[in-house]
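Thanks, everyone, for making the time this morning. Please have the sequence and the model open in front of you, and I will take us through it piece by piece.

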Amino acid sequence: MMKVITLNLWCEQVDRRRRLREATKYLLNLNPDVVFLQEIPQGDSRRYLRSRLGKTYVFAGSKNESTYPPLSYVPFVIVFLSMLLGCRLNLRKSILASVLVSPRCLSMLVSIALSRKISDVDLMGTGILIKKEILRQNDDIDIISKPFDHSIRGYPLPKTLFPLRKWFTYFLQHTFARPGCVLARVDTKEGPFVFANCHLVISRSGSVTNRVREKQVDEVLKWVKEICDSNHGIVVAGDFNAVPQGGSEQKKMNDAGYLESFQDREIVTWDPISNEYTRTSQEPRCQLDYVYINRDVLKFDRARRVFDGSSGPIVSDHYGIEAEFSRRGSKSRI
């Protein structure tokens, strides 16, 4: 039997150090075999996780792609034209001025603010923690980081021109938040596994849908299929940002042969009523986080919610999920 946990750690600065400290402490108490984490930017968050959990777990983190979508260069173009035409600077000075607002420079500034270290920033960064003792050998892990293509980044476009802060948020999302998936192909004592940690794009404010998420699910399923064999146990988990009721994302997973941990039992992981960190009234109280397994190889033994105030501290704007499963044909230890 294997136990996994998925948890969105919420990259906001609010109580971040305390939340990280409490999250790692309770994870060690829960002692899962595999942990799927979302919203862990490069920098001090990952260093802290490695320092606290590195003796027990191997950490596999997503790698931010160093290219940026066209939208990210809008400030660069605006400043360049303003300097060249409005301030009548020469070409060299105009380029130097506009470089300060280029996406790479802004990314470095944000990384310094977050972790006092220069690096690319991916606020939606994902990571998988794999317990060392479940591995057949220490090097039996293949890591593949897969950010979604710019064309299916999928952040909702603001509906109106004003307020301008919505457009600023839209720019930040496209520049510093990269939805995607990190995959780990692992040879464990329980047999071969593929673990896929996903962070899909959000819905439009006040809505629970985003048609781009369907394409993102298709990409995840394709990536998993490319690296697995018929004998692999497959676990796909993370923040899908999708509701279970009538969701096309869940239908795609079901049609592809995957089973969800709660199997139509109603569960809440996004809770604007009871979770003080969920600072929005636009999204309904619902489940946004999931653990899926391939039903032809694996079966669930139990599942529950964690990091919800009753089972563990609240350390994020999401609650976590703990699920236990075993290979079909093996005896469950319930």
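Let me begin with E324, which, leaving aside residues up to four places away in sequence, touches M1, M2, K3, F300, D301 and R302. I should say straight away that what we are looking at is a predicted model. E324 is found in strand β12, which covers residues 320-327, and with a relative accessibility of 11% E324 counts as buried, since the limit for that word is under 20%. One of the residues that E324 touches is R302, and here the two side chains make a polar contact at 2.7 Å.

Now let us step back to the sheet that holds this strand. What is the order of the strands in the open sheet? Reading across, the six strands run β3-β4-β2-β1-β12-β11, and their pairing is mixed. The edges are taken by β3 (57-61) and β11 (298-306), and because each of these has a single partner strand, one side of each is left without a neighbour in the sheet. From one strand to the next, the twist averages 20°. As a general reminder, strands of a sheet pair through backbone hydrogen bonds, and they may do so in a parallel or an antiparallel way. At the β3 edge, the pairing with strand β4 (residues 126-131) is antiparallel and extends over five bridges, and within this pair the bridge partner of G61 is G127 in β4.

Two helices lie across this sheet, and I will take them in turn. Helix α1 lies across β1 (2-8), β2 (34-38), β11 and β12, and runs at about 165° to β1. Helix α2, made up of residues 44-53, lies across β2, β3 and β4, and runs at about 165° to β3.

That brings me to the charged side chains. How many salt bridges does the structure hold? There are 16, and in general terms, side chains of opposite charge can pair when their charged atoms come close.

Let me go through some of them, starting again with helix α1. The side chains of R18 and E22 meet in a salt bridge, with 3.0 Å from N to O, and because the two residues are four apart in α1 (residues 16-30), about one helical turn separates R18 from E22. Both ends are partly exposed, R18 with a relative accessible area of 25% and E22 with 28%.

In helix α7, which covers residues 212-227, K222 and E219 are three residues apart and so are separated by about one helical turn. Their side chains meet in a salt bridge at 3.4 Å, N to O, and here K222 counts as partly exposed at 39%, as does E219 at 21%.

Are the partners in helix α8 buried or exposed? D255, at 56% relative accessibility, counts as exposed, and K251, with a relative accessible area of 51%, is exposed too. The side chains of D255 and K251 meet in a salt bridge at 2.8 Å, N to O, and because they lie four residues apart in α8 (residues 248-255), they too are separated by about one helical turn.

Finally, K3, R304 and E322 are linked in a network of salt bridges. This takes us back to where we began, as K3 is also among the residues that E324 touches.

Definitions and conventions. Residues are numbered from 1 along each chain as its sequence is written. This is a predicted model: local features need pLDDT of at least 70, side-chain atom pairs count only at pLDDT 80 or more; totals for chains, interfaces and linings use all residues. Side-chain values use heavy atoms; hydrogens and water are left out. A salt bridge is a side-chain nitrogen of Lys or Arg within 4 Å of a carboxyl oxygen of Asp or Glu. Buried means under 20% relative accessible area, exposed over 50%, partly exposed in between (1.4 Å probe, protein chains only). A polar contact is a pair of N or O atoms within 3.5 Å; within protein, one must be able to donate a hydrogen and the other to accept it, and residues adjacent in sequence count only if both atoms are side-chain atoms. Contact means heavy atoms within 4.5 Å. Two strands pair if DSSP finds at least two bridges between them. Axes are lines fitted to C-alpha atoms, for helices over the stretch in contact, and angles run from 0 to 180 degrees between N-to-C directions.
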